[in-house]
Amino acid sequence: MAVEVVKKSPSKEKHGTIIQSAIIRFLMLVLFLAWILIWIMTPTNTYKQIWLPQLRERTTSTYFGFQGLPLLLYTFPVLFIAVLGCFYLHLLAAKKANDSSNVERCNDNDGKKRIWKRLVLVRGPLGIVSVTELAFLIMFIALLVWSFSIYVHNDYAKITHKSAATKGLKVWENKLAETALRFGQVGNICLAFLFFPVARGSSLLPLLGLTSERCIKYHIWLGNIAMTLLTLHGASFIIYCSVTNQLSKMYKWKKIGISYVAGELSLLSGLFMWVATIPRVRRKVFELFYYTHNLYILLIVFFTFHVGFHHVCIMLPGLYLFLVDRFLRFLQSRQQVRLVSARVLPCETVELNFSKNNGLTYNPTSIMFINIPSISKLQWHPFTITSNSNLEKEKLSVVIKSEGTWSNKLYQMLSKPSSIDHLNVSVEGPYGPSTLTNYTRYDTIVMVSGGSGITPFVSISRELIYQNTTLRNRTPKIILICAFKNTSCLSMLDLILPNSGTPYDISNMQIQIEAYITREKMRTRDTPTHLQSIWFKPNADDTPISAVLGPHCWLWLASIISSSFIIFLIIIGLITNYFIFPKDHNKNNIFPFPLRSFLNLLVLCVSIVISASAAVLWNKKHNAKEAKQIQNMKESAAIVSPNLKNNNNDADRELESLPHQSIAQATNVHYGARPDLRRLLFEHKGSGVGVLVSGPMKMRQEVAAIWSSDLAENVHFESFSFSW
């Protein structure tokens with residue numbers, strides 16, 4: 001059997017993978033278009049009068065009740081797309097692993113792709129927006145306008161003086177009630193899309209070439225639109241109840257039908273969150289923003305009580321994938337990870353070095369969320385991973401700049417190493433691009449950073465070092481333009497080289513670093529340059545960082561989504577058939593709507609907990625032996641390393657200093673000036689130039705404005721933003 005595997009033609013395997021990927025893409029496209037068609041047709045009379053009666057006739061059963069149809073139309077297609085996406089990403093990862101040596105250069109097709117990536121908005125409330133993003137935003141707003149206008153048009157056509165009089169209302173009062181109702185229904189469309197961008201481990205984002213941190217702005221857009229519509233919904237109903245002398249309705253919690261009190265509590269929870277997301281509040285009082293954002297739980301729960309679970313099925317797909325991702329993050333965060341060492345830089349920056357499982361791989365610009373209970377038990381903060389999983393197979397590093405209350409406490413804690421010999425840390429992630437960006441396809445890469453924005457470029461630089469020194473691939477010329485406040489920040493340039501103890505010959509790489517010190521006119525003699533290293537004592541309870549679902553994470557995620565949804569359908573079907581339906585069948589004893597909604601939410605969460613826990617426990621047992629071996633090795637290294645660090649011979653020091661000399665020789669330091677980005681960017685021309693920017697908003701906007709001009713036809717632009 002082993003001989004057959006060896007002799008199997010790689011071309012046949014590749015051809016089979018291509019066919020499988022094409023079939024999966026076709027199925028996902030068909031399902032997505034059908035799902036969008038349902039959204040477009042829902043407000044029309046064709047759907048209400050023709051499609052809906054026929055669909056109800058064919059799907060009505062005592063097993064799921066009236067919530068069976070929305071589950072079939074709105075929930076099932078998206079979850080099926082997510083499962084298919086998991087299989088597609090698994091095939092894609094296998095293909096990339098086999099074709100890792102294949103290097104593509106920039107070609108004419110890249111020009112066509114750049115049209116869709118071209119920036120149309122650089123400054124403004126929406127931030128930096130490309131043609132593709134603006135097109136999808138316009139289409140989404142068009143869907144909202146279409147739905148609201150069709151709903152209102154059809155409602156107003158039915159309202160006459162006679163029909164309004166039968167309800168004891170005036171015509172405008174009846175129209176106000178219908179308008180308020182439609183504000184809520186259109187707001188529900190925003191809620192249906194709201195949770196997709198924040199499901200970090202979902203398969204849907206990688207399918208679109210997106211990462212979780214880049215989707216935060218979409219979540220912000222959707223949140224603002226949703227809260228605007230829902231606030232109009234609530235305010236309109238308050239006005240309606242006031243002018244019709246029905247304010248008593250606002251204090252009623254109905255067991256059958258719409259519960260007004262639950263809707264008010266849901267809206268209040270959303271308003272508290274909305275106020276805390278104001279940029280000035282979020283930046284100055286981050287803790288308030290962070291803690292109030294957890295009110296989304298109350299918003300969803302009371303929203304379910306307000307409209308019933310059958311209406312929640314419309315927004316369930318995004319919420320379902322988010323809950324799966326959130327529980328997997330919870331399980332991962334319960335483990336204390338092994339923090340091996342830390343380096344304290346003179347610029348109030350620390351580098352944390354963790355032990356990781358050999359099987360854990362991640363791509364450049366990935367991020368990881370970190371929690372340190374001794375600082376705050378509830379706060380989680382994202383940081384860019386600077387290490388490279390190919391060069392540093394047993395170590396994972398993040399760099400944290402002291403720029404806020406949380407990071408300042410961490411720096412103060414580590415700057416006094418005598419008071420700490422162990423630090424409890426929990427992590428979530430890593431999260432990042434599902435596939436490796438082929439940076440070697442460029443002739444020149446220009447990386448523009450400001451302050452701690454250099455960290456994603458550290459990971460990119462280390463990937464290029466790996467491509468050059470290990471794979472022997474031709475790498476592009478690297479031009480790093482970085483702006484710092486003072487001279488001590490130049491120590492961050494030392495992070496470009498891996499701190500693995502193995503020297504890398506980078507003499508054949510073209511590296512140019514232009515460093516700008518904006519707040520000093522010359523280098524001062526007393527500028528600290530010493531890096532302080534701290535080694536932590538091992539703890540038997542600490543484990544190396546590993547993927548929560550193991551190396552075949554996409555297959556496990558597909559099994560969790562599908563199995564949990566099947567469990568949910570079975571349990572809720574049994575409850576409906578044997579418990580709810582007998583009471584509803586007796587019209588004198590209708591089953592309460594809030595209790596029905598609570599049971600659905602409870603079963604939904606229990607199903608996810610069962611499936612996700614089983615998958616995580618299976619992978620945890622499978623990786624236990626390897627994790628224990630790595631931990632023992634790291635414990636030995638942690639004991640020996642400090643002594644080795646102090647007893648290196650001169651030959652080793654000279655060998656290790658060679659790459660640092662190359663970096664130092666390639667660095668030009670400019671004092672008392674800011675980089676002239678327009679001049680620096682237009683100095684580099686060629687068939688393919690990649691411009692990457694990470695830093696303050698003004699810097700990203702300036703580079704984006706330069707790139708969006710007609711003078712930058714040869715430039716490929718990408719912006720990184722890890723703060724929101």
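A salt bridge here is a side-chain nitrogen of Lys or Arg within 4 Å of a carboxyl oxygen of Asp or Glu. By that rule, this predicted model holds eleven salt bridges. Below is a friendly tour of some of them, followed by a charged patch on the surface and a polar contact.

**Salt bridge between two helices**
- E133 and K217 form a salt bridge, with 3.1 Å between their closest N and O atoms.
- E133 sits in helix α6 (residues 131–158) and K217 in helix α10 (residues 216–243), so this pair ties together parts that are 84 residues apart in sequence.
- E133 counts as buried because its relative accessibility is 17%, and buried means under 20%.
- K217, at 23% relative accessibility, counts as partly exposed.

**Salt bridge between a loop and a helix**
- The side chains of E392 and R462 meet in a salt bridge, at 3.0 Å from N to O.
- E392 belongs to the loop between β6 (381–384) and β7 (395–401), while R462 is part of helix α17 (residues 455–469), so parts lying 70 residues apart in sequence are tied together by the pair.
- E392 is buried, its relative accessible area being 2%.
- R462 is buried too, with a relative accessible area of 0%.

**Salt bridge between two loops**
- A salt bridge joins the side chains of D421 and K537, with an N to O distance of 3.6 Å.
- D421 lies in the loop between α16 (405–414) and β8 (426–431), and K537 in the loop between β12 and α18 (553–585), so the pair ties together parts that are 116 residues apart in sequence.
- D421 has a relative accessible area of 39% and is therefore partly exposed.
- K537 counts as exposed because its relative accessibility is 52%, and the exposed class begins over 50%.

**A salt-bridge network**
- R200, D325, R329 and E428 are joined into one network by salt bridges that share partners.

**Positive surface patch**
- K485, R519, R674 and K698 form a positive patch on the surface.
- Within that patch, K485 comes from the loop between β10 (477–484) and β11 (511–517).
- K485 has 47% relative accessibility, so this lysine counts as partly exposed.

**A polar contact**
- E520 is located in the loop between β11 and β12 (532–535).
- The side chain of E520 makes a polar contact with the side chain of T487, at 2.4 Å.
- E520 is buried because its relative accessible area is 19%, which falls under the 20% cut-off.

Methods. Residues are numbered from 1 along each chain as its sequence is written. This is a predicted model: local features need pLDDT of at least 70, side-chain atom pairs count only at pLDDT 80 or more; totals for chains, interfaces and linings use all residues. Side-chain values use heavy atoms; hydrogens and water are left out. Patches are made of residues with over 30% relative accessible area and no salt bridge: like charges are joined within 9 Å, nonpolar side chains (Val, Leu, Ile, Met, Phe, Trp, Tyr) within 5 Å. Accessible areas come from the Shrake-Rupley method with a 1.4 Å probe; for residues, only the protein chains shown count as cover. Lys and Arg count as positive and Asp and Glu as negative; His and the chain ends are not counted. The place of a charge is taken as NZ of Lys, CZ of Arg, CG of Asp or CD of Glu. Helices (H or I, at least four residues) and strands (E, at least two) are DSSP runs, numbered from the N terminus. Buried means under 20% relative accessible area, exposed over 50%, partly exposed in between (1.4 Å probe, protein chains only). A polar contact is a pair of N or O atoms within 3.5 Å; within protein, one must be able to donate a hydrogen and the other to accept it, and residues adjacent in sequence count only if both atoms are side-chain atoms.
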